[in-house]
Amino acid sequence: MKKFAPLALIFILSGCSYLNSKLTTDPVSQNEKTCRDLKRNIIFNTASSPNLGPASAAQKAEMLKLYDTNHCDRLEKDRRKI
């Protein structure tokens, strides 16, 4: 039985390291953060200014323009494929 203990320990440790490598996610890029913030602000009609009130029509148009400029829709489709 003592002969199998080191072997079992090796299998357990290698399994744990494998699972930890699968559980870690790749860091979120600045573009992804921008897209997430824009999408949240567009959906909930909020302005990202300090007053945090409802977004005006001009602010909403600017957010939609930035969403399109940053190719957020393409980024979202690519994330779904993963």
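**Helix 2, its links and its surroundings**

Trainee: Which residues are buried in helix 2?

Mentor: Helices (H or I, at least four residues) and strands (E, at least two) are DSSP runs, numbered from the N terminus. Buried means under 20% relative accessible area, exposed means over 50%, and partly exposed is in between (1.4 Å probe, protein chains only). By that rule the buried residues in helix 2 are Glu 32, Cys 35, Leu 38, Asn 41 and Ile 42.

Trainee: What pLDDT do local features need in this predicted model?

Mentor: Residues are numbered from 1 along each chain as its sequence is written, and side-chain values use heavy atoms, with hydrogens and water left out. The model is predicted, side-chain atom pairs count only at pLDDT 80 or more, totals for chains, interfaces and linings use all residues, and local features need a pLDDT of at least 70.

Trainee: Which element of the chain has the lowest mean pLDDT, and which the highest?

Mentor: pLDDT is the predictor's confidence in each residue, from 0 to 100. The chain has a mean of 75, and 57% of its residues reach 70 or more. Where pLDDT is low, the predicted coordinates should not be read in detail. Among the elements, the lowest mean (58) belongs to helix 1 (residues 4-23), and the highest (91) to helix 3.

Trainee: What pattern does the chain follow along the sequence?

Mentor: The chain has four helices and zero strands. Read along the sequence, that gives α-α-α-α.

Trainee: What span does helix 2 reach from its first C-alpha to its last?

Mentor: The expected span of a helix is 1.5 Å times one less than its number of residues. Helix 2 has 15 residues, and 21 Å is expected at 1.5 Å a residue. The span in the model is close to that, at 21 Å.

Trainee: How many residues does helix 3 have?

Mentor: Helix 3 covers residues 57-69 and reaches 18 Å, close to the 18 Å expected at 1.5 Å a residue. Its number of residues is 13.

Trainee: Which cysteines form the disulfide, and which parts does the pair tie together?

Mentor: A disulfide is a pair of cysteine sulfur atoms within 2.5 Å, and the structure holds one. The sulfur atoms of Cys 35 and Cys 72 are 2.0 Å apart. Cys 35 lies in helix 2 and Cys 72 in helix 4 (residues 72-81), so the pair ties together parts that are 37 residues apart in sequence. The cysteines are therefore Cys 35 in helix 2 and Cys 72 in helix 4.

Trainee: What is the angle about the S-S bond of Cys 35 and Cys 72?

Mentor: Both cysteines, Cys 35 and Cys 72, are buried. Their link is left-handed, the angle about the S-S bond being -80°.

Trainee: Which residue forms a salt bridge with Asp 37?

Mentor: A salt bridge is a side-chain nitrogen of Lys or Arg within 4 Å of a carboxyl oxygen of Asp or Glu, and the count comes to one. Asp 37 is partly exposed at 36% relative accessible area, and its partner is partly exposed at 43%. The two are three residues apart in helix 2 (residues 30-44), which means a separation of about one helical turn. With the closest N and O atoms 3.2 Å apart, the partner of Asp 37 is Arg 40.

Trainee: Which residue just after helix 2 takes a positive phi?

Mentor: Most residues other than glycine have a negative phi, and most peptide bonds are trans. The residue in question sits in the loop between helix 2 and helix 3 and is partly exposed at 30% relative accessibility. With a phi near 55°, it is Asn 45.

Trainee: Which residue with a positive phi follows helix 3?

Mentor: This residue lies in the loop between helix 3 and helix 4, and its relative accessible area of 41% makes it partly exposed. It is not a glycine, yet its phi is about 55°. The residue is His 71.

Trainee: What residues is Val 28 in contact with, leaving aside its neighbours within four places in sequence?

Mentor: Val 28 is in the loop between helix 1 and helix 2 and is partly exposed at 30% relative accessibility. Contact means heavy atoms within 4.5 Å. Beyond those neighbours, Val 28 is in contact with Lys 33 and Arg 36.
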